[in-house]
Amino acid sequence: MKKTTLLSLLAVSVSLTLAGCDQAAKIDPARQTGANPELPPSQNFLIPPMQVPSGTPWKQGEKPSVAEGLKIEKVAEGFQHPRQLYTLPNGDILVVEAGGPPAPTSQPKELITGMIKNASGKGGPGGNRITLLRNSNGDGKTWEKHPFLQNLYSPFGVQLIGDTLYVANADALMKYHYESGATSITGPGTVLADLPGGPINHHWTKSLLASPDGRKLYVGVGSNSNITENGIGAEYRRADILEVDVASGASRIYASGLRNPTGLQWEPQTGKLWAIVNERDEIGADLVPDYMTSVQEGGFYGWPYSYYGQHVDERAQPQRPDLVAKAIRPDYALSSHVAPLGLWFYTGSNLPEEYRGGAFISEHGSWNRKPLNGYQVVWVAFKDGKPVGLPKPVVTGFLTEDQKEVRGLPVGMTMDKQGGLMIADDAGNVVWRVTAQ
């Protein structure tokens with residue numbers, strides 16, 4: 001597409017954005033969290049109102065803020081869009097660095113929104129590799145960096161089962177031989193299973209989680225559109241959690257109707273599968289709340305036909321009242337457009353007592369809501385295997401108070417051997433470590 005055409009499209013986008021500036025959020029995010037979020041009437045936008053802070057790198061000595069009783073330190077930097085973190089049995093930590101696959105040039109709307117979001121540091125090329133961090137002296141502070149696995153295709157999820165490392169690329173689930181203590185893998189790897197990809201790969205991130213017995217892998221596959229505007233055929237085996245048999249590579253749909261399940265974890269007390277989900281856009285600054293939920297085998301969670309149970313989305317055609325009738329209401333809303341990308345049930349003992357028995361959630365942050373929402377890591381307490389109370393902001397300061405500049409974007413999390421919470425900072429290209437003060 002010619003540069004002049006792109007500029008014209010951008011000008012149209014900006015004018016539509018300005019025209020919709022009065023469509024600011026009306027509902028306090030606190031009223032859109034928990035089991036019963038407030039849901040206003042929907043609106044329709046060709047291009048939704050946008051508010052995009054400018055991406056500005058962390059200045060020397062700057063770092064996020066943390067809740068009382070905690071401290072945060074930078075343990076490594078110089079990455080290219082670190083997305084996910086994974087702790088190996090020996091304490092080494094894998095940092096998955098990735099940028100999305102090339103967007104098709106025939107999709108003007110995608111180009112417009114992509115250009116605008118890139119301004120905040122959310123876009124740009126990623127490393128498409130995995131870097132290994134090693135804390136040789138066991139202090140949790142001094143980490144060596146090793147190039148671990150190169151030439152990947154927009155990787156996201158990673159899991160180790162025995163001596164096999166599984167990596168979820170944007171279009172395939174790969175497996176590699178791993179030797180304990182190794183600082184690199186040089187083998188080519190083999191494909192265990194194909195994953196939905198293609199020239200249009202709207203939600204390219206593929207989250208990954210192994211079953212406790214190591215026999216299955218669960219893959220979160222996002223939708224190929226906001227609300228089926230690319231045709232229902234483009235959504236084959238998408239907006240699903242797939243279950244992959246490790247021995248054969250055969251797969252099946254474990255749960256469906258989950259627009260973009262970007263985090264999968266086992267809840268420690270009940271052993272149930274939980275996911276965080278990015279919900280649909282373009283029907284208002286206060287719709288639709290993103291959420292986390294336990295995932296039922298065979299369950300349908302609404303997308304694209306409805307949200308939060310039986311709230312029908314009339315944009316999805318043809319309508320499917322049969323599916324809407326059985327749509328499962330999510331367990332816990334996180335408020336609208338926070339874009340949750342990381343989920344971690346904390347089981348360590350380093351952090352204060354109040355952070356035992358619950359989940360940390362990283363919120364990558366909104367771009368189509370005014371005022372902005374997200375851009376933080378929150379804590380949600382659990383009781384008897386269910387979330388309770390309101391989210392507590394734990395790591396903040398990624399977004400400046402005036403909401404004009406964004407320093408970083410939290411994504412994947414893990415726990416190191418000492419019980420510190422490790423956070424991948426996508427735009428800041430940093431890995432942070434949170435411990436008790």
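Hi everyone, one bit of vocabulary before I start: when I say β24 or β25, I mean a strand, that is, a DSSP run of E with at least two residues, numbered from the N terminus. And please keep in mind that what you see on the screen is a predicted model.

Let's start with P371, which sits in the loop between β24 and β25. The peptide bond leading into this proline, from K370 to P371, is cis, with omega near 0°. There is also a cis bond from L287 to V288, again with omega near 0°. V288 belongs to the loop between β18, residues 273-277, and β19, residues 289-294. For context, most peptide bonds are trans, and most residues other than glycine have a negative phi.

That brings me to phi. A339 is not a glycine, yet its phi is positive, near 55°. You will find A339 in the loop between β22, residues 332-336, and β23. Is A339 buried or exposed? With a relative accessibility of 13%, A339 counts as buried, because the cut-off for that is under 20%. N429 also has a positive phi without being a glycine, this time about 60°. Its loop runs between β29, residues 421-425, and β30, residues 430-436. N429 counts as partly exposed, with a relative accessibility of 23%.

Now back to β24 and β25, this time for their rings. How many aromatic pairs does the model have? The count is 14. Let me pick out F360 and W379: their ring centres are 4.8 Å apart and their planes meet at 55°, so this pair is tilted. F360 comes from β24, residues 358-363, and W379 from β25, residues 376-383, so the pair ties together parts that are 19 residues apart in sequence. Both partners are out of the solvent by our cut-off: F360 is buried at 1% relative accessible area, and W379 is buried at 5%. These two rings also have company, as Y346 and Y355 join F360 and W379 in one aromatic cluster.

While we are on rings, have a look at F79. The charged end of K145 sits over the F79 ring, 4.3 Å from the ring centre.

Next, empty space. The second largest pocket has a volume of about 550 Å³. It is lined by 30 residues, and those closest to its centre are Q159, L209, L264, Q265 and W344. Which elements give two or more residues to this lining? They are β5 (82-87), β9 (158-161), β13 (206-210), β17 (261-266), β23 (340-345) and β28 (410-415). For those of you thinking about electrostatics, the lining of this pocket has 17 nonpolar residues, 13 polar ones and no charged ones.

Last, the cavities. There are two of 30 Å³ or more in the structure, and the second largest has a volume of about 40 Å³. Its lining is made of Q23, F45, P48, P49, E282, I283, G284, A285, H337 and N368. By class, that lining has five nonpolar residues, four polar and one charged.

If you want places to click on first, try the cis bond from K370 to P371, the tilted pair of F360 and W379, and the pocket lining with no charged residues. Thanks for listening!

Definitions and conventions: Residues numbered from 1 in each chain as written. Predicted model: local features only at pLDDT ≥ 70, side-chain atom pairs only at ≥ 80, totals over all residues. Heavy atoms only, no water. Phe/Tyr/Trp six-rings, centres within 6.5 Å; stacked < 30°, edge-to-face > 60°. Helix = DSSP H or I, 4+ residues; strand = E, 2+ residues; numbered from the N terminus. Buried < 20%, exposed > 50% of the residue type's maximum accessible area, 1.4 Å probe, protein only. Lys NZ or Arg CZ within 6 Å of the ring centre and 35° of its normal. 1 Å grid on protein atoms, 1.4 Å probe; cavity = no way out; pocket = protein on both sides within 12 Å on 5 of 7 lines; lining within 4 Å. Points joined across faces, edges and corners; volume = space filled by probe spheres on them. Nonpolar A, V, L, I, M, F, W, Y, C, P; charged D, E, K, R; others polar.
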